[in-house]
Amino acid sequence: MTEQATSTPHAFPCASCGARVEFAPGTNTLRCPYCGHEQAIPLAQRQVLEHHIEELATLPRKPVAQLAPQQYACRKCGARTQGTTLSQSCQFCGAPMVADLTGGEQVVPEAVLPFQLDEKAARGALRKWTSSRWFAPSALKKVATAESTKGTYLPHWTYDAHTASRYTGARGEHYYTTETYTDSNGNQQTRQVRHTRWYPASGEVRRFFDDVLVVGTRQLDASRTEKLEPWPLQQSVPYQPAFLAGYQTLRYDVEPEQGLEVAKGKMAVVIKGDIRRDIGGDVQRIDWFDTQYAQLMYKLMLLPVWLANYVYGGKTYHVMINARSGEVHGERPYSAAKIAAAITAGVLLIAAIITLIVLSQH
């Protein structure tokens, strides 16, 4: 059984009217949605740091499966709620609540990339996206707004590593010979035939990987989340609870060790490219390679996304919006009529080209 994780959440009262303040995208301030008062977020007195992977063994953290729901006690209305988030709004009074992470049961975020786009800008990006989809029903352009939008920070792991990869394989070099053959009309013809000579190859390649990014939550489709890349990670700032005020923040449910294996898979794709370039020649074959990792570093960071959904034809479609660049990816409907028309047009075009070729030969 898991123990209940109690938390006295960070509170963000307005210094002017006593209501609440929320992080204002694109700024370094907290803003009251009622009176407009702004409060500057103090600059962090530290830098964003990478941590050696071996430090994980020394942390008093619990496995993700053993983490209890986060218990929140709203400091504005006194309501008690729970969830698997690091920040959320009180469902009774709307006050921002950010969990106190000093308990040590989980890895604490090292950095946060603050929201740049506010909700209005996110809805504008969605409208632009829906109106520009190829093969979408024409009526989709009339979808003027999302049914709902929620600003959410998504946990991501980043990994650094110095790699040294030894390999064996072969280098292929093309050469050509002239071949004589008889065509369909009985005439003798010649043609060039390509062959490949293979030579054994072996060696070592080295590469430094910086900030290999791995999605740290399974609550969303990682393949879609990855399409929001690239992120301006160099613009991230040291983690401070104030940047989460007014937004939902998902708790990681991918262990850092699991994320490392995903990162190594991403590194392997790049390393194979390095090996092929090192082998040279016209084509390459990799028979075996082994990678040694040194100075493996990691950190947990939070990236900003607007989660939105819209309704079309009685069905709800979900999209994600990069809250820094406005990049949109997600679900969309297709028009069967437009697809059929495009296929028909393509067939007619091919037929016309073939006809012109036949006529030009007579």
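A residue counts as exposed when its relative accessible area is over 50%, as buried under 20%, and as partly exposed in between. By this rule Q295 is exposed, because its relative accessibility is 53%. The assignment refers to a predicted model. Q295 belongs to strand β15, which covers residues 283-312. Its backbone is notable: Q295 is not a glycine, yet its phi is positive, at about 50°. Most residues other than glycine have a negative phi.

A second case of this kind is found at D211. Phi of this non-glycine residue is positive and near 55°. D211 is located in strand β12, residues 188-215. With a relative accessible area of 21%, D211 is partly exposed. The cut-off for burial is under 20%, so D211 does not count as buried.

The backbone also shows a cis peptide bond. It links E229 to P230, and its omega is near 5°. P230 sits in a loop, between α2 (222-226) and β13 (237-238). Most peptide bonds, in general, are trans.

Helix α1 spans residues 119-130 and has 12 residues. Its length was checked against a rise of 1.5 Å a residue. The expected span is 16 Å, and the end C-alpha atoms lie 17 Å apart, so the two values agree. Five positions of α1 are buried: A122, A125, L126, W129 and T130. These residues lie on the same side of α1, because they cover an arc of only 130° around the axis. K120 and K128 are exposed on the other side of the helix.

A122 also takes part in a contact that is distant in sequence. Its C-alpha atom is separated by 6.8 Å from that of I321, although the two positions lie 199 residues apart in chain numbering. I321 is part of strand β16, residues 315-322. I321 is buried, because its relative accessibility is 0%. A122 is buried too.

Strands β6 (residues 70-73) and β7 (residues 80-83) form a hairpin. The two run antiparallel and are joined by 4 bridges. A73 stands opposite R80 of β7. Between the strands there are 6 residues, and G78 in this hairpin has a positive phi near 85°. Side chains of β6 alternate in direction. Q70 and Y72 point one way, while Q71 and A73 point the other way. All four are buried.

A separate group of strands makes up an open sheet. It has 3 strands in the order β2-β3-β4, and their pairing is antiparallel. β2 (22-23) and β4 (38-40) are the edge strands; each has a single partner, so one side of each is without a neighbour in the sheet. β3, residues 29-31, pairs with β4 over 3 bridges in the antiparallel sense. Within this pair, R31 stands opposite E38 of β4.

Helix α4 comprises residues 336-360 and contains L349. L349 is exposed, because its relative accessible area is 53%. Together with I353 and I357, L349 forms a nonpolar patch on the surface. The accessible area of the three residues together is about 280 Å².

Technical notes: Residues numbered from 1 in each chain as written. Predicted model: local features only at pLDDT ≥ 70, side-chain atom pairs only at ≥ 80, totals over all residues. Heavy atoms only, no water. Patch = residues over 30% accessible without salt bridge, like charges linked within 9 Å, V, L, I, M, F, W, Y side chains within 5 Å. Areas by Shrake-Rupley, 256 points an atom, 1.4 Å probe, with all protein chains shown as cover. Salt bridge = Lys/Arg side-chain N within 4 Å of Asp/Glu carboxyl O. Buried < 20%, exposed > 50% of the residue type's maximum accessible area, 1.4 Å probe, protein only. Expected span 1.5 Å × (residues − 1). Arc of directions from axis to C-beta. Pairing = 2+ DSSP bridges.
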